Amino acid sequence: MTTRSFVPDEFTVPESLSGDGFRLEPLGPQHNEADHRAWMSSIEHIRATPGFAERGWPPADGMTRLANLLDLERHARDFQARRGFTYTVRGNGDEVVGCVYIYPSRTDAEVAEVRSWVRADRTELDGPLHTAVADWLASDWPFKEVRYLSRS
């Protein structure tokens, strides 16, 4: 991962995105319990989601809440330093139902690679989340190219 900013200094990084049945907000340590619970309940489903099978995440055996907290702190540091942007996906209430990751490609720092997942019990949000995020990235973000695997 690059240490330089992933987006231009003058770009204002969006703090949220709202869609039908969900909203995004920057992921941070304050989401640890709910985030851990969300993905731990859906490991097999997430690993089968486009963009995750080849990455080995989430770990098949899960991980501790402390290890998850350290991961969330890393994502928050990346967001603050503008090296990558991870958003928690909230349902209509405050429940965590998924996550969206926007990071530079490992082969071309100007290309955004995007992955998202939703909990196994909220699969109806996967398509609408993908569409909303893809449209948002195309209209509101400064990337020359976005790679975000389709949900077809």
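**Group meeting: helix α3 and its surroundings**

Let's start with a charge and a ring. Arg-115 lies over the face of Tyr-101, 4.7 Å from the ring centre. "Over" has a rule here: NZ of Lys or CZ of Arg is within 6 Å of the ring centre and within 35 degrees of the ring normal.

Some ground rules. This is a predicted model, where local features need pLDDT of at least 70, side-chain atom pairs count only at pLDDT 80 or more, and totals for chains, interfaces and linings use all residues. Residues are numbered from 1 along each chain as its sequence is written, and side-chain values use heavy atoms, leaving out hydrogens and water.

Now helix α3, residues 65-81. Helices (H or I, at least four residues) and strands (E, at least two) are DSSP runs, numbered from the N terminus. Why should α3 span 24 Å? Because its 17 residues count at 1.5 Å a residue, and the end C-alpha atoms are indeed 24 Å apart. The expected span is 1.5 Å times one less than the number of residues.

Which residues of α3 are buried? Asn-68, Asp-71, Leu-72, His-75, Asp-78 and Phe-79. They fall within an arc of 115 degrees seen down the axis, so they line one face of the helix. That arc uses the directions from the helix axis to the C-beta atoms. On the other side, Leu-66 and Gln-80 are exposed. Buried means under 20% relative accessible area, exposed over 50%, and partly exposed in between (1.4 Å probe, protein chains only).

What does the buried face touch? Its residues pack against β2 (22-26), α1 (32-40), β3 (85-90) and β4 (96-104). Contact means heavy atoms within 4.5 Å.

Before the helix comes Met-63, in the loop between α2 (43-47) and α3. Leaving aside residues up to four places away in sequence, Met-63 touches His-36, Trp-39, Met-40, Trp-57, Asn-68 and Asp-71. After the helix comes Arg-82, with a positive phi near 65 degrees.

Next, the rings. Rings of Phe, Tyr and Trp (its six-membered ring) pair if their centres lie within 6.5 Å; planes under 30 degrees apart are stacked, over 60 edge-to-face, and the rest tilted. That rule gives 14 aromatic pairs. Phe-79 and Phe-85 form an edge-to-face pair, 5.0 Å centre to centre, with 90 degrees between the planes. Phe-79 counts as buried because its relative accessibility is 13%. Phe-85 counts as buried at 0%.

Last stop: Thr-88, in strand β3. Thr-88 is buried, at 0% relative accessible area.
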